[in-house]
Amino acid sequence: MNAADTPVSRFVRRRPRSGAAGFNRTGAQTSPLALRSMQSYADEQVALPTPIADSAAGKGIAAMRLAYVRDAGEVGSVPMPGAITGAFALCATRLAGGAAELLVDKLGERLAWERSSVRLYQALIDKATALAASTALPLEVEELRQLRDEALEHMHIATSALDSLGADSSALTPSAAISALVTHGITQVLTDPRTTLHQCLEAILTVELADEASWELLMRLAEAAGQDELLFHFHRAFRHEHTHVRKLKRWRDELVLGAPDH
Amino acid sequence: MDLLAHTGVPLEDQMLTWREMAGKPISKLDDDAFTRVRVILMNALELDAMRLQDSGARNEADLRLSLACVRRIEQHQATAVSWMLSADHSALEATVACEQVAVELTAAIAQHEQDPYLAQVYRFGLLENLDRLYRYAALLDRLEGKDANNILQGYTDIVPGRPTPETHRAPRDDLRRPSGPKARLASRLHMILVAAAALRARDYYMTVGPAFADPVARELYAEIASCGEQHATQYGTLLAPGRTFLENWLLHEAAEVYAYLSCAQSESNPRIRAVWERFCDYELGQLQHVGELMRRHEHRDPAELLAPGLPAPLEFRNQRDFVRDVLSEEVHLRARDSGFVDRGGESAESLDYRRRVNADGSPSTQVAQSYHWTAGTELNRPRPPS
């Protein structure tokens, strides 16, 4: 299948060309008469809270959440290694109680995040490929492919690290499950045929900013656990992420501010 | 089990608070996949109960109050069961779970069904659900970067079944032979369960499909929701026509008792098991109520419909060997009228329908192109040296 003739590309090409001003109906001021009438009716029907801060605090909601949080179990457990490897034993010795499990959990999270990132970049590549046919872009599609391939490399770094600890890299750890909730919205942005390149770059920038901070944390965990081999690979991933963030910001800025003069 | 010998909880004592309806959900990570299978199945059956009772209320003026009372508690039960599915399931993960229900439930029932025609229909449907599971697993991997086996937990294979693009048929070829007046109680309960699961799948796909931004997902859900409609037609036409509404209602309540009892007997999570037991007692109370209505309005003994009592409990366990055998022996079968034929024997009407509906392309083909399930997603496969 031709890369430029995927279902995504075909939908993208039908997208309206500009994000120009138009008749957006969502604001209350679209209909000033209705606004005045609605506001006075609402004021008449429901008394304003006193003091006004009560509504912002949402006391009723807070009480319900409190009760549920107190009663809730956890999302799930960290799967324990099938066999205790030397690396895991060293982690358990060097790290304070429970931190070896935390390392497995956070590695599972990174694995899931990077795996999703590969799919997110692929969606961005599909969109950029479709747009490139008719629009000048601040980036080369090939540059996005490099970012995708590095996300894949990072996924393998996390997988190998879990393997070296004797953990099951195919299992879903609690933090991995939660991270999927975070990336869900990004997937929606990147795969929507109507979103612009600028909107997509903003979305994936949030992914990469979180990614950079997470590899930094993993480096500190690996250092504390005496895992020099892991630290070497984590540092490589961190450096890549730093570069990804810089590139994405540059492309995003060019779209918003225009290309720099120099 | 003699159903009418158990009074259950009287209708007026059946009550759930909002807190009980929105109770603690299951864990996607730590609960057994069959706990989720039971949750989805029971939600399907409760929704089907409401569907039946809604349609009854339109025609049966004398039963409207009874229907409103029973339907109120059925709706609360449906809510409590549906809310058990934790919010960290993405719609696509819940979809994979939905197809696991279809595969495992249909396989279990196909083996226990004594009527050879019904068993054949279930085996036929099973291979179509297996394929849909494979297509959705491909989408989950390629859209969200997730492994469907985190949901399936090694119980259900992720392989192509009867290819989805080839299962689009003219409505005539989805009609099945209705069961006769002598059908066994076990067969009737099976039909209700399988039809309820198919209807829930169709309705769920139609609800979540438009919430996806990705055009590939939107097309795939549109296609498989239509497949769900075909299965709803297929299984719905097995049910015997010409019964009174009260007969159908009584049998449905019996199916609910049977399913909750089966769930309670196999559930590994004690907190969830307590819900199944409580709801089984509720359903027994509802069955008594409908039985009484039958005596009063039709001057009939409900026991004549419920003999010889409930069959052996439903099995909630992996049916891998059976599914693989059916796949190797029956994947070539196609439906024509109410029967099954070889691949070349399909009707011109179905072939024409398929050509037209696939005219703009086949989403289920495109999403799963070269898809080969691998533990940890296809990205986890070692890459050939460049």
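**How chains A and B meet**

Visitor: How many salt bridges are counted between chain A and chain B?
Guide: The count is 3 salt bridges. This is a predicted model, where local features need pLDDT of at least 70, side-chain atom pairs count only at pLDDT 80 or more, and totals for chains, interfaces and linings use all residues. Residues are numbered from 1 along each chain as its sequence is written, chains are lettered from A and ligands numbered from 1 in the order written, and side-chain values use heavy atoms, with hydrogens and water left out.

Visitor: Why is the meeting of Arg119(A) and Asp141(B) called a salt bridge?
Guide: The term asks for a side-chain nitrogen of Lys or Arg within 4 Å of a carboxyl oxygen of Asp or Glu. Here the N to O value is 2.9 Å, so the pair fits the rule.

Visitor: What makes residues of chain A and chain B count as in contact?
Guide: Their heavy atoms lie within 4.5 Å. By that rule, 33 residues of chain A are in contact with 31 residues of chain B.

Visitor: What is the area buried between chain A and chain B, and how is it defined?
Guide: Buried area is the accessible area (1.4 Å probe) that two parts lose on being put together, summed over both. For chain A and chain B that comes to about 2900 Å², with carbon and sulfur atoms giving 55%. On the chain A side, Tyr68(A), Arg115(A) and Arg119(A) lose the most area to chain B, together 23% of what that side buries.
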